[in-house]
Amino acid sequence: AADIVLKNNDQQIVFRLNNFPGTDWTSYHISINETSGWLKGDYNSQIPATKADIEEVLSNITSFLIRGEYQTGPDEGGLDNMEIVR
């Protein structure tokens, strides 16, 4: 499954983390560019997102999803200090 999904009305790009968060706070810095591992469409497509694909989605974001579930059953999660820097 994708860990981050950015959508506009027509397209989406997705990103999957290399390592999942642990039980302590886990920091991530993820660049949104064509060399960072973003994929076009869903995660199973395995089609690398081009610069044009990324710019298309970022020009009109309609949905920004961050996966928050990494285990089955009851658990607790949180998001702190999320920032998008251009």
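Reader: How much of the protein is buried?
Author: Buried residues make up 19% of the 86 residues. Buried means under 20% relative accessible area, exposed over 50% and partly exposed in between, with a 1.4 Å probe and protein chains only. This is a predicted model, where local features need pLDDT of at least 70, side-chain atom pairs count only at pLDDT 80 or more, and totals for chains, interfaces and linings use all residues. Residues are numbered from 1 along each chain as its sequence is written, and side-chain values use heavy atoms, with hydrogens and water left out.

Reader: And what area does the protein expose?
Author: About 6600 Å², of which carbon and sulfur atoms supply 46%. Those areas come from the Shrake-Rupley method with a 1.4 Å probe; for residues, only the protein chains shown count as cover.

Reader: What is the secondary structure?
Author: One helix and five strands, in the pattern β-β-β-β-α-β along the sequence. Helices (H or I, at least four residues) and strands (E, at least two) are DSSP runs, numbered from the N terminus.

Reader: What order do the strands take in the sheet?
Author: The order is β4-β3-β2-β1-β5, in an open sheet with antiparallel pairing. Two strands pair if DSSP finds at least two bridges between them.

Reader: Which strands stand at the edges?
Author: β4 (47-48) and β5 (63-66) do. Each has a single partner strand, so one side of each is left without a neighbour in the sheet.

Reader: Where does the helix pack?
Author: Helix α1, residues 51-58, packs on the sheet and touches β1 (4-7), β2 (12-15), β3 and β4. The direction of α1 makes about 110 degrees with that of β2. The axes are lines fitted to C-alpha atoms, for helices over the stretch in contact, and angles run from 0 to 180 degrees between N-to-C directions.

Reader: Back to the edge. How many bridges join β3 to β4?
Author: Two, and the strands run antiparallel; β3 is residues 39-40. Leu-39 has Pro-48 in β4 as its bridge partner.

Reader: What about β1, what does it pair with?
Author: Four bridges join β1 to β2, and β1 also pairs with β5 over four bridges. Both pairings are antiparallel. Val-5 stands opposite Val-14 in β2 and opposite Leu-65 in β5. A hairpin of four residues links β1 to β2.

Reader: Different topic. Where does Leu-17 lie?
Author: In the loop between β2 and β3. Leu-17 is buried, with a relative accessible area of 11%.

Reader: What is Leu-17 in contact with?
Author: Asp-3, Tyr-28, Ile-30 and Tyr-70, leaving aside neighbours within four places in sequence. Contact means heavy atoms within 4.5 Å.

Reader: Asp-3, then. Buried or exposed?
Author: Buried, at 2% relative accessibility. Asp-3 is found in the segment before β1. Not counting residues up to four places away in sequence, Asp-3 touches several residues, including Phe-15, Arg-16, Leu-65 and Tyr-70.

Reader: How many charged side chains, positive and negative?
Author: There are 6 positive and 13 negative, and the centres of the two sets lie 7 Å apart. Lys and Arg count as positive and Asp and Glu as negative, while His and the chain ends are not counted. The place of a charge is NZ of Lys, CZ of Arg, CG of Asp or CD of Glu.
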